[in-house]
Amino acid sequence: MKRKIRLLIGACIFTVVALATIQGYFIYNTYQLIEKEVHAGIKKQVTDLEDTEEWFSIYNVWMDNVQDFVDDHVDGKAKGNDLQKYLGRNSDSLTTVIKKYMHKMKKPGDYDIDYSIHISSITLTNDKVTDSIFKGNALALANGKEEKTKIKSADGRWEHEQEHNGIKSSIVVKSQRYYGFGDWKHTIIKKMGGLLAFSVLLMAFVVYLYYLSLKNLISQKRIADIKTDFVNNITHEFQTPLATMDIAVKTLKRKEQQMSVEHYQHTISMIERQNERLQKLFRQVTEASVTPIASDDSISITCHEIKEMISDFKLSKPDVNITCQQEQPALTVKMDPFHLNTIIVNLLDNAVKYGGDIIGVDLKIENGNFLLSVKDNGKGIPVQEQASIFDKFYRAEKGNIHDTKGLGLGLFYIKQLVETYKGKIKVESEEGKGAMFLITIPV
Ligand code: ADP
């Protein structure tokens with residue numbers, strides 16, 4: 001079963017990872033699709049921008065600068081790398097104009113983009129001689145600070161026939177138009193916000209469902225184990241006294257006439273003891289299924305009362321050494337004496353059952369609480385078992401029912417009693433070094 005559960009956990013993890021991968025793949029694809037969509041939107045925005053009369057008038061301003069540069073170059077007054085100077089003449093005012101123009105053209109849903117035009121080459125052809133008068137990258141026009149990751153929207157080619165100083169020539173200006181978009185990723189992720197949130201929620205829900213199912217399965221398995229143990233234990237516990245009583249009754253029937261008085265008494269008291277044991281077992285089972293009711297009456301608890309319980313207990317366990325200590329002379333607590341007796345006798349019973357022969361009972365009042373501790377020198381409880389020993393039907397020695405007898409109900413019932421009085425019970429123990437049960441009940 002453990003292997004099955006491990007396999008199931010492995011399968012769940014695999015499914016979650018596979019689902020997450022597939023979801024990641026789809027999200028990535030969606031990201032790319034939206035990215036394309038945004039690009040297409042911006043390109044359309046740029047095309048609309050470049051398709052007006054107003055735009056051509058702006059365009060002509062920097063083209064005039066290019067024309068001046070070409071004329072001066074022909075006259076020998078400018079060199080190739082002077083182009084940027086010519087273009088820079090009215091760049092500030094051009095930037096302001098283009099900014100205003102773009103603001104005016106912006107429609108709802110349009111993006112806040114950077115726009116720029118760069119000249120990459122200028123060639124001059126006359127009498128079939130081609131002269132490359134500029135080659136490089138000169139900024140001709142921009143609406144502000146350029147984005148580092150600018151995207152090319154189109155190539156431009158402007159051709160113009162001219163006559164300068166009586167010489168005919170043709171000018172070819174090659175340019176590139178770029179756009180940039182600062183909040184690129186943020187915008188796309190914002191567009192995918194709903195999808196992302198839904199995916200994360202769905203994933204979290206699937207993981208939570210798996211977690212709940214596995215938790216439920218493990219707890220069902222634990223309950224099933226505990227019930228099997230309980231049935232085994234109860235069968236064993238009831239079998240021994242019933243078998244002993246059966247033999248004793250048969251002996252009485254067969255030999256009643258020839259029996260000596262001692263033998264007769266011995267057999268009767270054997271039946272009595274086994275009957276008592278059966279009753280005790282029944283009591284344990286019924287007590288554990290009924291919720292105890294707290295008493296409002298105050299009782300005084302001293303070692304005197306405890307010693308009475310101890311001496312009754314020692315009738316059946318004469319070899320055990322039990323001492324009682326009390327810090328304050330008078331300890332008063334609101335509790336049913338029968339409940340207190342059940343707690344102490346059950347704890348003493350366990351102490352002896354699990355190897356103790358020296359037991360100390362301690363009573364005191366501390367910080368408004370009544371503290372009762374029962375300490376033994378028995379075999380102790382392994383740390384990993386300590387949290388479970390108060391559970392219903394829990395027995396540390398699972399399966400090994402013949403070693404020490406019990407139904408796993410004693411500590412569960414004690415805990416129920418203690419909690420009825422709003423108290424707490426805890427155990428301090430180390431394997432092989434005895435155990436101490438500490439009960440705290442508010443006074
Ligand atoms: P039971 O004694 O019938 O098994 P309990 O509820 O009284 O059931 O105890 C639960 C488990 O706690 C026991 O099976 C035992 O392993 C452990 N235990 C209880 N008291 C002691 C003790 N004094 N020393 C060692 N182990 C103990």
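**Exercise 1.** Which element gives the largest share of the shell around the ligand? Identify this element and describe the composition of the shell.

*Solution.* The model is predicted, so that local features need pLDDT of at least 70 and side-chain atom pairs count only at pLDDT 80 or more, whereas totals for chains, interfaces and linings use all residues. Residues are numbered from 1 along each chain as its sequence is written, and side-chain values use heavy atoms, with hydrogens and water left out.

Step 1. The ligand has 19 residues around it, a residue being near if one of its heavy atoms lies within 4 Å. Those that come nearest are Asn-350, Tyr-354, Arg-395, Ala-396 and Leu-411.

Step 2. The largest share of this shell, three residues, comes from H9; helices are DSSP runs (H or I, at least four residues) numbered from the N terminus.

Step 3. Sorted by class, the shell holds 10 nonpolar, five polar and four charged residues. Here Ala, Val, Leu, Ile, Met, Phe, Trp, Tyr, Cys and Pro count as nonpolar, Asp, Glu, Lys and Arg as charged, and the others, Gly among them, as polar.

**Exercise 2.** Determine which polar atoms of Tyr-354, Asp-376 and Leu-411 face the ligand, and how far the protein covers it.

*Solution.* Step 1. A polar contact is a pair of N or O atoms within 3.5 Å. An N or O atom in the Tyr-354 side chain is 2.7 Å from a ligand oxygen.

Step 2. For Asp-376, a side-chain N or O atom is 2.9 Å from a nitrogen atom of the ligand. At Leu-411, a polar backbone atom is 2.8 Å from a ligand oxygen.

Step 3. Of the 530 Å² of accessible area that the ligand has on its own, the protein covers 98% (Shrake-Rupley method, 1.4 Å probe).

**Exercise 3.** Characterise the crossing of H8 and H9.

*Solution.* Step 1. The axes of H8 (residues 303-316) and H9 come within 11 Å and cross at roughly 45°; axes are lines fitted to C-alpha atoms over the stretch in contact, with angles from 0 to 180 degrees between N-to-C directions.

Step 2. H8 and H9 are therefore oblique to each other, since angles under 35 degrees count as roughly parallel, over 145 as roughly antiparallel, 65 to 115 as roughly perpendicular and the rest as oblique.

Technical notes
Polar contact = N/O pair within 3.5 Å; in protein donor to acceptor, adjacent residues only side chain to side chain. Helix = DSSP H or I, 4+ residues; strand = E, 2+ residues; numbered from the N terminus.
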